[in-house]
Each structure stands twice: as C-alpha cells, then as structure tokens.
Amino acid sequence: YVFPQQLEPVALTQSEQIELGRKLRRIGMVTESAAEASVTSTDESAGAQPEAYSEADASREVFLTERELNGLIAGEPELASNLAVDLADDLVSFTLLVPVPQDFPVMPGRIVRVTGGAQVAYADGKPVVAIRGVSLMGVPVPNAWLGDIKNVDLVSEFGDRGFWQAFAAGVEDIRVQDGKLRIQLRD
C-alpha cells in the first residue's frame, strides 16, 4: 500500500463502448467515423466537415456512468493506469498515482497515491462544489495546505466572478448518484 502499483484501467464492454460513443457524438467529442473505429479517438484524417448549425432536438443533458468516465480516462495513455474516479451520492472521489521524479530528494522513482473527494450537488438553485479532502499516501493533507478551501462551497465563495460564476450560470441541475453523473445545462 505504501508504494502502490499502477491502477487497472477500465475496459468497457462492446455495448458500453457503443453507448459511450453515442454520448460523445452527441456532445461533439467524437466524429461518426471515429466512433465506429474507437470511442476514445478522433478521426483526424477526415477534418472538419461543413454543416449548418442547429439546436433543434439538442439535448442539454450530459449523463455519464462511473464506468464510462473511467473508460474515457483509460483511453488517455498518460492517465490510463494512474487515475480512477468514483461516483457516490453527492460525492466525486479520485485516486491518482503520481510518479516521483528521480531527482526529487524524497522517495525518488517511487509512486505516491493521492486520493481526494469533492461534494458535487445542486441546492438552493445553484450548483454546490466543495472539496471534502485530499490525502497523500493515506494521510489527510491539512486544510491550511489546501488554501483553507476544505468544505467551502467554491460556487458560493467565488461565484461572483470568473470560472465559478460562468459555471453556475450555465448549470440548471447537477446530480451525482452511486455510479452516475448527470448535468443539465441551461439554455
């Protein structure tokens, strides 16, 4: 546990790949021809194809399962065996394995496990995003080292400007349930 091995990337079943490909095509992350070849790559040889813009029949809902999120991560070679996401009720958690550089004075060449979680919900007409904590090798990092943002609703604290303001203005609803993430975007 002290020096963990790399994580086992999620391998989606054929039906899960087809469903994820459908979702990615809907939000424009994968082209039709690329989805047929692989749901995690784009068809760069085809380039941009001209088409008229339309929002007719466009869904403003993004729905992904935990397996789909981890399947997307598995498609990125640098993240595949180093990052995993867990979805529980109102909680998004992660496990990240970080290789320590060989020239670092402490534990050179070792892999360090970083875990953390954030509350992600919707309450009082706005999204709620609050860091629950971060642990390094199983030891919780002090709130002071996190800039005193632990358990602070980042949308309420910083929602009057910049990223958090734009994020909150664009989200109609957000729900994290056991193994599922659903985001409803505003018009």
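**Exercise 1. A buried partner**

Asp-153 has a relative accessibility of 16%, so it counts as buried (under 20% relative accessible area; over 50% is exposed, and partly exposed lies in between, with a 1.4 Å probe and protein chains only). The model is predicted: local features need pLDDT of at least 70, side-chain atom pairs count only at pLDDT 80 or more, and totals for chains, interfaces and linings use all residues. Residues are numbered from 1 along each chain as its sequence is written, and side-chain values use heavy atoms, with hydrogens and water left out.

Task: Find which residue forms a salt bridge with Asp-153, and state where the two residues lie.

Solution.
Step 1. A salt bridge is a side-chain nitrogen of Lys or Arg within 4 Å of a carboxyl oxygen of Asp or Glu. The partner is Lys-126, and the closest N and O atoms are 3.1 Å apart.
Step 2. Lys-126 belongs to strand 5 (residues 126-136), while Asp-153 sits in the loop between strand 6 (139-140) and helix 4 (154-158); the two are 27 residues apart, and the pair links distant parts of the chain. Helices (H or I, at least four residues) and strands (E, at least two) are DSSP runs, numbered from the N terminus.
Step 3. Lys-126 counts as partly exposed because its relative accessibility is 27%.

**Exercise 2. Further salt bridges**

Task: State how many salt bridges the whole structure has, and describe the one between Asp-187 and Arg-60.

Solution.
Step 1. The search of the whole structure gives 10 salt bridges.
Step 2. In one of them, the side chains of Asp-187 and Arg-60 meet at 2.6 Å, N to O. Here too distant parts of the chain are linked: Asp-187 is in the segment after strand 8 (180-185), and Arg-60 is in the loop between helix 2 (32-37) and strand 1 (61-65), 127 residues apart.
Step 3. Asp-187 is exposed because its relative accessibility is 82%; Arg-60, at 27%, is partly exposed.
Step 4. Salt bridges also join Glu-61, Asp-173, Arg-175 and Arg-182 in a network.

**Exercise 3. The open sheet**

Task: Give the strand order of the open sheet and explain why strand 2 and strand 6 have one side without a neighbour.

Solution.
Step 1. The sheet has 5 strands in the order 2-3-4-5-6, with antiparallel pairing.
Step 2. Strand 2 (83-88) and strand 6 are at the edges with a single partner strand each, so one side of each has no neighbour in the sheet.
Step 3. Two strands pair if DSSP finds at least two bridges between them. Strand 4 (residues 111-123) and strand 5 have 10 bridges, in the antiparallel sense. Ala-123 has Lys-126 of strand 5 as its bridge partner.
Step 4. Strand 4 also holds Val-114, which is buried because its relative accessible area is 16%. Its contacts (heavy atoms within 4.5 Å), leaving aside neighbours within four places in sequence, include Phe-94, Leu-96 and Val-134.

**Exercise 4. Helix 3**

Task: List the buried residues of helix 3 and say what they pack against.

Solution.
Step 1. In helix 3 (residues 66-74), the buried residues are Glu-68, Leu-69, Asn-70, Gly-71 and Ile-73.
Step 2. They pack against helix 1 (14-26), strand 1, strand 2 and strand 8.
Step 3. Asn-70 is one of the buried residues, because its relative accessible area is 9%. Not counting residues up to four places away in sequence, Asn-70 touches Val-10, Leu-83, Ala-84 and Val-85.
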